[in-house]
Every structure is written in structure tokens, then in C-alpha cells.
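Here are my notes for anyone opening this one for the first time. Have a look at the model, then go through the points in order.

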Number of protein chains: 2
Amino acid sequence: MGDRVIIALDAMGGDRAPDMVVKGASIALQRFPQVQFIFYGADSRLQPVIGKLPRLAQRATIRHTDDIVTGDAKPSVALRTGRRSSMRLAIDAVAEGEADCVVSAGNTGALMAMAKFALKMLPGIDRPAMASFFPTRRGESVMLDLGANVECDADNLVQFALMGEVFARTVLGLLQPTVGILNVGSEEVKGHEEVRAAAARLRAPGCPIRFHGFIEGDDIAAGTVDVIVTDGFTGNIAVKTAEGTARLYADFLRAAFKHSLTARLGYAFAATALKKLRARLDPRRYNGAVFLGVGGIAVKSHGGTDALGFANAIGVAVDMKVNGFLDKISSGVATLAALQPAVDKPQSAAL
Amino acid sequence: MGDRVIIALDAMGGDRAPDMVVKGASIALQRFPQVQFIFYGADSRLQPVIGKLPRLAQRATIRHTDDIVTGDAKPSVALRTGRRSSMRLAIDAVAEGEADCVVSAGNTGALMAMAKFALKMLPGIDRPAMASFFPTRRGESVMLDLGANVECDADNLVQFALMGEVFARTVLGLLQPTVGILNVGSEEVKGHEEVRAAAARLRAPGCPIRFHGFIEGDDIAAGTVDVIVTDGFTGNIAVKTAEGTARLYADFLRAAFKHSLTARLGYAFAATALKKLRARLDPRRYNGAVFLGVGGIAVKSHGGTDALGFANAIGVAVDMKVNGFLDKISSGVATLAALQPAVDKPQSAAL
């Protein structure tokens with residue numbers, strides 16, 4: 001655990017950058033004293049903020065660049081014209097082995113495109129997936145893909161299952177996470193061809209993944225499985241639907257407490273308990289979506305997060321590095337590949 | 001509004017049938033005095049319950065059958081072997097013009113298969129869709145398809161938009177409901193081919209539908225549009241994800257209130273306001289998924305609902321009948337068809 005971890009930070013990404021990034025790094029340093037940071041961004045803006053934090057300053061290097069990727073830039077344009085941007089330089093630091101991970105709160109699509117281009121894909125993984133974790137009745141679960149791929153075939157889903165399983169082991173610390181595929185029913189015959197073929201593969205004897213089977217939308221919050229696998233279209237909509245519902249519920253609750261004088265009084269009495277509830281559901285705790293499948297550790301923080309949220313995104317990156325995420329994926333790919341001829345090829349040949 | 005409406009009831013469908021069905025009909029009769037009921041089910045079980053409700057008994061007919069569709073029956077099997085079931089006979093009553101609508105809390109898949117077979121599809125509609133409405137920040141919204149079709153093409157989505165729009169007008173009483181297509185982003189280039197093609201059609205000049213454009217998952221609870229159009233795979237998962245999240249939130253809240261003595265005291269003070277909140281989110285208020293697109297009014301109640309929930313499902317059926325749902329769909333189909341040559345055919349020809 002004492003091994004040095006070097007984090008490349010896109011200091012200019014996010015609504016409150018660069019201050020939020022610097023303060024987030026400072027918070028993360030308290031939790032992970034072995035971390036060193038390379039900040040990519042405007043020197044004139046970074047120097048004064050880092051200068052005020054002597055402990056951080058000791059562990060920080062600034063690499064100046066004036067160029068930034070804007071929030072509304074198209075991924076393809078950012079990839080072509082943003083070669084000297086703070087985001088790209090931070091990714092390149094990982095590609096060149098100078099840093100172990102990159103963390104950015106900038107433009108998601110651009111970060112994805114750049115990470116895929118500069119870090120390449122891991123051998124045996126065809127497409128990257130965006131993963132995140134969130135609170136459930138039983139604890140925390142991981143879901144992927146959250147929007148990197150609008151359409152996915154069975155191979156993609158099987159690879160997502162593997163990557164999600166390793167992510168749950170390395171970041172959530174689960175020993176044998178269970179994996180489910182999101183579907184419209186739990187029976188084997190439900191859903192479209194892609195989910196059925198992926199499930200058949202994961203059910204095959206010898207498969208190293210603890211496959212639960214199909215799960216439904218309400219199983220997400222119930223925490224029925226540790227890892228939820230789905231295509232990027234469905235995953236993106238499911239996660240945003242859950243966020244929207246939670247927000248609506250919170251708003252209705254707030255309105256209910258303002259409803260009368262006695263209700264306000266009730267709120268005053270229950271305030272401590274409700275604060276704990278809020279902390280439990282605090283989105284900053286679950287900040288840090290990860291691009292899995294690229295040949296390096298790349299974590300995306302929410303653009304609107306604060307320093308605490310950004311520190312948690314850094315924490316995800318550190319956990320992945322320290323617990324050997326990339327190596328575990330490689331060995332998982334090898335196991336799945338060794339398995340496939342027996343399970344898969346005869347079926348294909350029969351068609 | 002005084003026109004007589006005849007409702008065929010599958011008296012044996014649902015967890016607490018037939019008592020729940022009879023009591024639900026009795027509650028609905030208070031709200032809609034013009035309604036008459038035909039109960040399909042076991043005479044020996046229906047007679048005693050209806051006999052105790054003289055006002056209902058006056059407006060009720062019992063048609064005896066011993067046959068029922070079980071909750072776990074496969075749709076294809078139910079269709080083949082359930083010709084004398086309470087569910088099928090109730091649907092046939094609509095097909096034969098004896099009743100105006102059918103309401104059942106039984107097996108969803110079987111009801112769908114039987115309704116499609118016995119009622120046929122409306123001209124111009126290729127596939128049925130399951131629709132429901134639910135609370136949002138702004139009021140209530142309709143979503144479809146919730147699971148009838150795992151895969152949908154652009155034509156299906158456009159037809160769903162039309163049916164959802166008419167449903168919102170006839171049941172929610174909205175004058176000019178707005179329609180959005182669920183997607184992974186609001187920009188025109190987002191998503192897969194099917195949603196982009198459907199959106200292009202709905203954006204065409206002269207289209208009678210107030211099309212908002214693409215919406216995202218969090219727009220559902222926000223109430224950004226009145227009608228949310230999506231394929232049955234995504235819709236089913238989105239609606240169950242929202243239900244699961246709301247349940248998790250309610251559980252966390254309950255736990256928070258039990259957390260300490262002061263929190264319990266807080267709950268006591270806020271109890272009235274919280275009860276109002278619960279009433280606002282009461283799933284019984286939003287009971288009644290509808291099969292749109294078939295040539296008759298068929299409403300599916302949740303199987304686990306109580307009499308109040310079932311009465312609301314009957315209310316949905318009455319609203320659809322009284323406000324001329326089927327006629328409005330037909331005129332909408334005609335308008336869309338008149339529009340299509342100008343919008344659609346040249347594009348197809350160019351391919």
C-alpha cells in the first residue's frame with residue numbers, strides 16, 4: 001500500500017476548475033499519503049492555489065498549458081485540435097508511463113475519445129465501457145455501460161461483465177461479486193438476442209464470473225447483484241432515471257416538511273437523522289465514473305462536483321492502481337478466452 | 001358524460017380476486033354512475049360478494065365460468081387453452097360489441113396476447129404498446145412502451161408517439177400534450193438509428209404532434225414532457241428502475257425516522273405532511289396500464305393492487321371510452337398517413 005502512485009490531473013476540467021481540482025487533490029492526499037500529482041493547466045492560476053497548500057505543493061508538479069477542451073466541444077473535434085489541451089496532456093502522461101492514472105472532470109465524450117486513442121484498448125476488449133457505483137439497499141453496486149456504446153453485441157456484454165466484476169473487486173473490495181444482466185424479466189427466454197447470447201456464455205461451466213442471471217430495473221436499487229451489465233443506451237437511461245427519481249422524491253419531501261408549522265417542527269427534531277440519510281445518498285460519495293477497457297486508468301469526475309467529490313474520484317483511481325485493476329482484467333480475459341472455444345465456437349459453427 | 005358505459009371485468013384476475021375486483025367496481029360506480037359491469041368468473045364466489053352491495057348488484061351481471069388464466073401461464077399457452085377463461089370471455093365481450101372496455105388484474109402477457117388476437121390491431125398501428133402514467137414534478141406524464149415490444153423500429157416509435165399523445169388528451173385531459181423520445185442525450189445526432197429516424201419524422205412540418213425532441217432519463221421525473229416515447233426494453237427498465245429507486249428512498253427515510261428518539265418525535269410532528277406525500281406518490285393512484293393499439297379499450301391493473309387501485313384502473317377505461325380514445329387514434333393515424341408521403345417517401349426512394 002505504500003507504493004507511490006502518480007496521478008495526472010486535468011486541472012482545467014469541471015465547472016469550478018482549477019480550484020476544485022487543487023482542493024480535491026489536497027483532500028485525497030490526506031487519505032492517500034503515497035500519492036503524487038501532476039497538474040496540467042494554466043500555471044498562473046494553479047501556482048497561487050497550490051502555493052497556499054504546502055503539504056500538497058510538496059507532492060505536486062505543474063505542467064503549464066493554455067489550451068483547454070471546452071464542455072461543448074465535439075469529441076472528434078477535441079481529438080483533432082486538442083493535442084496540447086490539459087486533458088490530452090494528462091492522458092498522454094499515462095500513455096507514456098509518466099503517471100499511473102488520469103482524473104478529469106472535463107467533457108466526457110472528449111475524454112473518452114482521447115483515452116481510447118492515446119491509451120488504446122486492452123487486448124481482448126473490443127470497446128470501452130463507462131462504469132460507476134451507487135448506493136443500494138444492500139450496500140453498493142457497479143453498473144456498466146453508462147453510455148459509451150449505444151449498441152452492444154453479446155461479446156461486448158460478456159467483456160463488460162468481466163470488467164465490472166474486476167472493478168467491483170478492486171474498488172469496492174468485494175471478494176466474489178455477483179453479476180447480473182439487465183433485462184425485461186428474469187426468465188431465460190426474455191429479452192433480445194444480444195442479452196440472451198451473453199447470458200448463455202456467462203452461464204457456461206467453467207466461467208470464472210459468478211453470474212446471477214437476468215435482473216430487472218427494480219433490482220438495481222435493491223442491490224440484487226453487485227455488478228449490473230447492460231448496453232450504453234439502457235444503462236445511461238436507467239442511471240439518469242434513478243437520479244431523477246431520487247431528486248423528485250427529495251423535493252417532494254422538502255415540500256412536505258415546509259407544509260405546516262408542525263411539519264417544520266418535525267423536521268427540526270428529525271434533522272440529525274435526515275442529515276445522515278442525505279450523507280448516505282450524497283452523490284459526491286459516488287463520484288467517479290471510470291472508462292474501463294482502455295489501456296490505462298482513466299477516471300471521469302462529474303463536471304459539477306466540488307473538492308470532496310473530486311477527491312473521491314481520485315480515490316477510485318488510486319484503488320484501481322493499488323489493487324492491480326489492469327493486470328486482473330488481463331488475466332480475466334485470458335480465462336474467458338480459454339473458455340470460449342468449448343462454449344461458443346460449436347454454436348457458431350452450427351449456424 | 002351521461003352515456004352508459006359497459007365494462008367487462010375479468011373477475012378472477014389479480015392476487016385478491018374476486019373480492020378486490022367487486023369492491024373496486026363498487027368504488028368506481030360511485031365516481032361513474034353511468035357504468036354497468038359484466039363480471040366474468042366463478043358464480044359461487046361472485047354472488048355472495050356482489051349480493052352484499054345492492055347498488056352494485058343493480059348495475060352488475062355475472063357470466064359464470066370456472067376457467068381462469070393463472071399468473072404463471074405462458075401467453076401462447078393461455079391463448080390456445082384459455083378460450084373459456086374469465087379473461088378471454090371479458091375480452092371477447094369487447095370484441096363482440098357487448099362491452100365498451102375490458103379491465104383485468106391478471107397475467108399481463110396473456111392479456112396482451114388475447115387482446116391482440118381477439119380485438120385485432122387498429123388500422124395504421126403495427127404493434128400494441130403498454131402505457132402508464134405516473135407522478136412528476138410538474139404533474140403527471142404518460143410513458144410507452146413499457147414492455148410489449150423488446151425491439152422497435154422508427155415506425156413503431158412514431159405510432160407510439162401518436163397513441164401516447166391521444167392517451168394524454170383523453171385520460172389526463174391535457175389539451176396539447178408535448179411528446180419526447182427517450183435518448184442518451186438531447187442533441188439530434190445522439191442515439192441509434194431508430195430514435196433518430198422517428199424524431200426526424202416527428203419534427204417534420206405539418207406533424208400534428210407537439211414534439212419536444214429527445215429527452216434523457218432524468219427528464220422523466222422532472223416532467224419535461226407529457227408523453228415519453230421509448231421501446232419496450234428501455235421503457236420497462238426505466239419504469240422499474242424508478243419504482244425501485246422510490247422504494248429505496250422510502251426505506252432509507254423510514255430507517256432515518258427510527259434512528260433515534262428525537263427522530264421518532266420528529267416523525268410524529270411531521271406525520272400529517274408525510275402522509276400527504278405518501279398519498280401523492282401512492283402507486284394505487286397510477287394503477288392501470290393500458291394496451292394501446294388494439295381495436296378496443298383494454299386496461300391492465302397491477303395484480304397486487306387493492307379495491308381502490310382497481311377502481312382507478314376502471315376509471316382509466318371509462319375516461320378512454322367517454323373521451324373517444326379509439327376515434328381520436330383513427331383520425332390521428334389518418335393525419336400522420338397524409339403527412340408521410342411528403343416527409344418520408346422521398347428519403348426512402350433516395351436510398
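1. A word on contacts before anything else: two residues are in contact if their C-beta atoms, placed from the backbone, lie within 7 Å. Please also keep in mind that this is a predicted model. With that rule, how many residues of chain A are in contact with chain B? The count is 51 residues of chain A, against 51 residues of chain B.

2. Which helices should you look at on that face of chain A? Helix 9 (217-222), helix 10 (232-257) and helix 11 (261-281) of chain A each bring at least two residues to the side that touches chain B. Helix 10 of chain A gives the most, with 21 residues. Sorted by class, this side of chain A has 27 nonpolar, 13 polar and eleven charged residues.

3. Now the symmetry. In general, two copies of a chain are related by a rotation about an axis and a shift along it. Here, a turn of 180 degrees and a shift of 0.0 Å along the axis lay chain A on chain B with an RMSD of 0.0 Å. That is how a two-fold axis relates its copies. If you want to find the axis by eye, go to Gly266(A): in chain A its C-alpha is the nearest to the axis, 1.9 Å from it. Both copies use the same surface, as 100% of the contact residues of chain A recur in chain B.

4. Next, look inside one chain. Chain A is divided into domain 1 (1-123 + 293-323) and domain 2 (126-287), so domain 1 is written as two stretches of the sequence. The C-alpha centres of the two domains of chain A lie 26 Å apart.

5. Where do those domains meet? In chain A, 17 residues of domain 1 are in contact with ten residues of domain 2. On the domain 1 side, helix 6 (108-119) and helix 12 (307-322) of chain A each supply at least two residues. Helix 12 of chain A gives the most to that side, with seven residues. The class count for the domain 1 side is seven nonpolar, seven polar and three charged residues.

6. The sheet of chain A deserves a slow look. Its eleven strands make an open sheet with mixed pairing, in the order 3-2-1-4-11-10-5-6-9-7-8. Which strands are at the edges? They are strand 3 (60-64) and strand 8 (210-215) of chain A, each pairing on one side only. Ignoring direction, neighbouring strands of this sheet are turned by 25 degrees against each other on average.

7. Two details of that sheet are handy for getting your bearings. Strand 1 (residues 5-10) and strand 2 (residues 35-41) of chain A run parallel and are joined by six bridges; Ile6(A) has Gln36(A) in strand 2 of chain A as its bridge partner. Helix 6 of chain A packs on the sheet and touches strand 4 (101-104), strand 10 (289-292) and strand 11 (297-300) of chain A, its direction making about 175 degrees with that of strand 11 of chain A.

8. Chain B is a good place to check an antiparallel pair. Strand 10 (residues 289-292) and strand 11 (residues 297-300) of chain B pair in that sense over three bridges, and Phe291(B) stands opposite Ala298(B) in strand 11 of chain B. Also in chain B, helix 2 (residues 43-51) lies across strand 2 (35-41) and strand 3, running at about 165 degrees to strand 3 of chain B.

9. Last, zoom in on two residues of chain A. Is Val229(A), in strand 9 (residues 227-229) of chain A, buried or exposed? Val229(A) counts as buried, because it has 34 C-beta neighbours inside 10 Å. Its contacts beyond four places in sequence include Leu144(A), Phe160(A), Gly164(A) and Ile181(A). The C-alpha of Tyr40(A), 189 residues away along the chain, is 34 Å from that of Val229(A).

10. Gly164(A) takes you to helix 7 (residues 154-171) of chain A. Gly164(A) is buried too, with 27 other C-beta atoms within 10 Å. Leaving out residues up to four places away in sequence, Gly164(A) touches Ala131(A), Val142(A), Leu144(A), Val179(A), Val227(A) and Val229(A). For Val179(A), 15 residues from Gly164(A) along the chain, the C-alpha separation is 8.1 Å.

Notes
Residues numbered from 1 in each chain as written. Chains lettered and ligands numbered in written order. Predicted model: local features only at pLDDT ≥ 70, side-chain atom pairs only at ≥ 80, totals over all residues. Least-squares fit on C-alpha atoms with pLDDT ≥ 70 in both. Helix = DSSP H or I, 4+ residues; strand = E, 2+ residues; numbered from the N terminus. Nonpolar A, V, L, I, M, F, W, Y, C, P; charged D, E, K, R; others polar. Pairing = 2+ DSSP bridges. Axes fitted to C-alpha atoms, helices over the stretch in contact; angles between N-to-C directions. Buried ≥ 20, exposed ≤ 12 C-beta atoms within 10 Å, placed from the backbone.
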